[in-house]
Amino acid sequence: MRIDQFQFVSLVETLDISAAASSCRSRIPDDHSIFGGHFPGHPIMPGVLLTELMAQTCGFLLLSLNGFARMPFLASLKEVKLRDFVGPGTELVCESNRVHEGSGYAVLEAKVRRPGDTKLVCSGTLMFRIVPFPNAELNQHMQARAQEVGLLIQQGNVILSGAKTI
């Protein structure tokens with residue numbers, strides 16, 4: 001996780017194109033300036049950043065389902081629930097699955113938990129607007145970022161490469 005660069009997904013752990021589902025790993029940094037004010041003496045990851053982890057996990061799934069030909073942009077959040085505190089150094093797994101896609105929009109469900117734990121940290125339903133990439137630079141950036149988190153794009157198909165967690 002690179003909070004300063006707004007990169008929350010460390011590794012795409014699973015990708016099931018036929019089921020339209022994926023899971024990603026993330027690790028909250030042990031020490032970051034964000035914890036100084038959130039909250040002194042009781043550092044916890046801001047809920048809005050946990051929501052962003054869900055959005056990025058869903059985004060990588062949608063990019064994969066579309067062969068990195070179209071870009072998903074977060075359009076709305078529904079019933080996002082923050083269920084538990086997350087402190088520095090915590091490992092997280094975020095699961096996403098597509099519920100519906102059509103008319104340029106996709107609806108996904110996402111859940112965040114600690115590895116090996118059934119208790120949810122947060123969950124929600126997210127909607128994305130899916131549009132052609134606005135420029136080649138963003139497309140190239142997203143493909144490079146995909147490789148960093150373990151995805152390879154080969155002839156329009158996306159596969160897991162087994163990249164290391166960053």
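**Entry 1: a surface patch**

I began with the surface and found a nonpolar patch of about 330 Å², made by Leu-74, Leu-77, Val-80 and Leu-82. I note that the model is predicted. I picked Leu-77 from the patch and placed it in strand S3, which covers residues 70–82. Is Leu-77 buried, partly exposed or exposed? I read a relative accessibility of 43% for Leu-77. Partly exposed lies between the 20% and 50% limits, so Leu-77 counts as partly exposed.

**Entry 2: the core**

I then turned to the interior. The largest nonpolar core has 40 residues. I listed the residues with the most contacts inside this core: Met-45, Phe-60, Leu-92, Val-112 and Leu-151. Next I looked up which elements give two or more residues to this core, and noted the helices H1 (47–65) and H2 (136–148). The strands on that list are S1 (11–16), S4 (91–102), S5 (105–113) and S6 (120–132). H1 gives the most, with 10 residues.

I followed Met-45 further. Not counting residues up to four places away in sequence, Met-45 touches Met-1, Ile-3, Phe-8, Ile-28, Phe-35, His-38, Leu-50 and Val-86.

**Entry 3: Ser-23**

I looked up Ser-23 and found it in strand S2, residues 21–27. Its relative accessibility is 7%. Buried means under 20%, so Ser-23 counts as buried.

Which side chain does the side chain of Ser-23 make a polar contact with? I found that of Thr-14, at 2.6 Å. Thr-14 is also on the contact list of Ser-23, which leaves aside neighbours within four places in sequence. The other entries I copied down are Leu-11, Val-12, Glu-13, Val-93, Cys-94 and Glu-95.

Definitions and conventions: Residues numbered from 1 in each chain as written. Predicted model: local features only at pLDDT ≥ 70, side-chain atom pairs only at ≥ 80, totals over all residues. Heavy atoms only, no water. Patch = residues over 30% accessible without salt bridge, like charges linked within 9 Å, V, L, I, M, F, W, Y side chains within 5 Å. Areas by Shrake-Rupley, 256 points an atom, 1.4 Å probe, with all protein chains shown as cover. Salt bridge = Lys/Arg side-chain N within 4 Å of Asp/Glu carboxyl O. Helix = DSSP H or I, 4+ residues; strand = E, 2+ residues; numbered from the N terminus. Buried < 20%, exposed > 50% of the residue type's maximum accessible area, 1.4 Å probe, protein only. Core = buried A, V, L, I, M, F, W, Y, C linked by side-chain atoms within 4.5 Å. Contact = heavy atoms within 4.5 Å. Polar contact = N/O pair within 3.5 Å; in protein donor to acceptor, adjacent residues only side chain to side chain.
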